[in-house]
Amino acid sequence: MQIFNYDNITSLPEKTVLVLGYFDGLHRGHQALFEEARKVATVLNLKIAVLTFPEKPTLTFQKFEAEMLLKLTSDVQRERLFEENGVDYLVYKDFTSKFAHQNSSEFLSAIRPKFKPEVIVTGFDYTTGSDMVNLHSTEDLKVINVSEVKDREGKISSSRIREAIQAGNVALANELLGYKYEITGLVVHGFARGRELGYPTANLVIKDFIHLPAAGVYTVDIKEEGTWRRGFASIGYNETFGGKEKTIEVHIFDFSEEIYGESLTVRWLDKIRDMQKFDGIDGLVAQMKRDEEKARNYLAAE
Ligand SMILES: Cc1cc2nc3c(=O)[nH]c(=O)nc-3n(C[C@H](O)[C@H](O)[C@H](O)COP(=O)(O)O)c2cc1C
Ligand SMILES: Nc1ncnc2c1ncn2[C@@H]1O[C@H](COP(=O)(O)OP(=O)(O)O)[C@@H](O)[C@H]1O
C-alpha cells in the first residue's frame, strides 16, 4: 500500500476503483465496501484507492469537544486495516472548510484527474459535496452504492460500536467490528503494589486518541514483544487504595519480566465485572483469583 497526501498528487500511478469515506474502525459495514471494491478491481484490473481524512469531518462543522478526536483505532492500526482490506493507494486529505464548501460537481472535477477512477464505491447513505449529493452512475463513471450491513439490532455503525465500548460491552463491539478491539499503550511505573498482591500489573499510558472501554475488569490478550499472551486488565480508580487517577493496568499470565518502556497491544475480549471497593487486600486478591479463572477459561470465538 502506498500513502499519499491529496494536496501533493496530480495523479495516482494507475487507474482506480475509488472508495470514499471516513471509516472509523473499519467495521463489518465498511469491510463490505472494500469487498465490493476488490471484486471490481479484479474484473477491471484496477488499483483500489481510498480518499479519507486524518480526523473526523464533524470537527469542521461542530463546536469542538475533546471527544471528537477519539477514534476506534489508532492511526497506525487504521492504516494496517486499510492494507488488510486490499487498499493499494491510501490518500489523506485534511477535511478543511474549503474542501467542504465544494459542491459535488466541483468535488468530482477535483478528484477525477487525481484518482483516475473508473468506478466509485460508497456506502448507500454517503453524501458528497456541500450540496450533499448521493453519487450515482453517469455515462463515463460508474458508482456503486453498497447497501447497509445489518445484524439483529439494525445497521452496523461506528456509533453503535462506540456506545458498546463506552458501556463496557467489548464482546458486542468485537462482533460488530469483525475483529478484536485493541489499544496500544506504553508501560510506565505505578505504585509498585501489584507485585505485593501477587499480580504485578503493567500500568499503561495511552498516547492515541482512542475510546477506552468503561471502567471494569476484562479478559484480554496482550501482545508483548511480538507474542500474544492471555491476561486480565482493570480500568478504573483502584478505589480499594483510594486511587485518585484512572489507571489502565494489565497482568499477563505465566509471565514474569520487567517490561517498563515497552509498548503493549491489548485486545479486549470480554468484561468480567465492575470495579469494586474492597475492605482490604485479602478480599481484592480472592476476587482476582476468581477473575483469573474466568479469564484463563475464556475461549475467544474467532
Ligand atoms: C484483573 C484486575 C482486577 C482489579 N480489580 C480491582 C478492584 O475491583 N478494585 C480495586 O480497587 N482495584 C482493582 N485492581 C487494581 C489493583 O488495585 C491494582 O492493580 C493494584 O493497586 C496495583 O497497582 P500498581 O500497578 O499501581 O502497583 C484490579 C487489577 C487487576 C489487574
Ligand atoms: N505477569 C506480569 N504482567 C505484567 N507486568 C509484569 C508481570 N511480571 C512482571 N511484570 C513487571 O512488573 C511491573 C508491575 O509491577 P507492579 O508491582 O504492579 O508495579 P507498578 O506499580 O510499577 O506497575 C510491570 O510494569 C512489569 O515490568
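Trainee: Which residue just after H2 takes a positive phi?

Mentor: This is a predicted model, and local features are read only where pLDDT is at least 70. Helix H2 spans residues 75-84. Just after H2, a positive phi of about 95° is taken by Gly 86.

Trainee: On which side or sides of H2 do its buried residues lie?

Mentor: The buried residues in H2 are Gln 77, Leu 81 and Phe 82. Around the axis they cover an arc of only 145°, so their place is on the same side of H2.

Trainee: What covers the buried residues of H2?

Mentor: Gln 77, Leu 81 and Phe 82 are the residues to be covered. The cover includes strands, among them S3 (47-52). Also included are S4 (89-92) and S9 (182-188).

Trainee: Why do the buried residues of H5 line one face of the helix?

Mentor: Helix H5 covers residues 158-166, and Ser 158, Ile 161, Ala 164 and Ile 165 are buried there. They line one face because, seen down the axis of H5, they fall within an arc of 125°.

Trainee: Which helix do the buried residues of H5 pack against?

Mentor: The residues concerned include Ile 161 and Ile 165, both buried in H5. Contacts here are C-beta atoms within 7 Å. By that criterion, the buried residues of H5 pack against helix H6 (170-177).

Trainee: What phi does Gly 168 take?

Mentor: H5 consists of residues 158-166. Gly 168 comes just after H5, and its phi is positive, at about 85°.

Trainee: How many residues of S5 are buried?

Mentor: Strand S5 runs over residues 117-123 and is mostly covered. A residue counts as buried with 20 or more other C-beta atoms within 10 Å of its own. Of the seven residues in S5, the number buried is six.

Trainee: In which sense do S2 and S5 pair?

Mentor: Strand S2 holds residues 16-20, and four bridges link S2 with S5. At one position, Val 19 stands opposite Val 121 in S5. The sense of the S2 and S5 pairing is parallel.

Trainee: Which residue in S6 is the bridge partner of Ile 120?

Mentor: S6 covers residues 142-146 and runs parallel to S5, with five bridges joining the two strands. The partner of Ile 120 in S6 is Val 143.

Trainee: Which element supplies the largest share of the shell around ligand 1?

Mentor: Ligand 1 is surrounded by 23 residues, and the closest include Gly 190, Arg 193 and Ser 234. H7 (194-197), S12 (227-236), S13 (247-252) and H8 (281-297) each give at least two residues to this shell. The largest share is three residues, and the element supplying it is H8.

Trainee: How many charged residues does the shell around ligand 1 have?

Mentor: Arg 193 is among the closest residues to ligand 1. By class, the shell has ten nonpolar and nine polar residues, and the charged residues number four.

Trainee: Which elements give two or more residues to the shell around ligand 2?

Mentor: Around ligand 2 there are 20 residues, with Gly 190, Gly 194, Arg 195, Pro 200 and Ile 252 the closest. The elements giving two or more residues are H7, S10 (202-205) and S13.

Trainee: What percentage of the residues of the protein chain count as buried?

Mentor: The protein chain has eight helices and 14 strands. Of its 302 residues, the share that counts as buried is 31%.

How values were computed: Residues numbered from 1 in each chain as written. Chains lettered and ligands numbered in written order. Predicted model: local features only at pLDDT ≥ 70, side-chain atom pairs only at ≥ 80, totals over all residues. Near = placed C-beta within 6 Å. Nonpolar A, V, L, I, M, F, W, Y, C, P; charged D, E, K, R; others polar. Buried ≥ 20, exposed ≤ 12 C-beta atoms within 10 Å, placed from the backbone. Arc of directions from axis to C-beta. Contact = placed C-beta atoms within 7 Å. Pairing = 2+ DSSP bridges.
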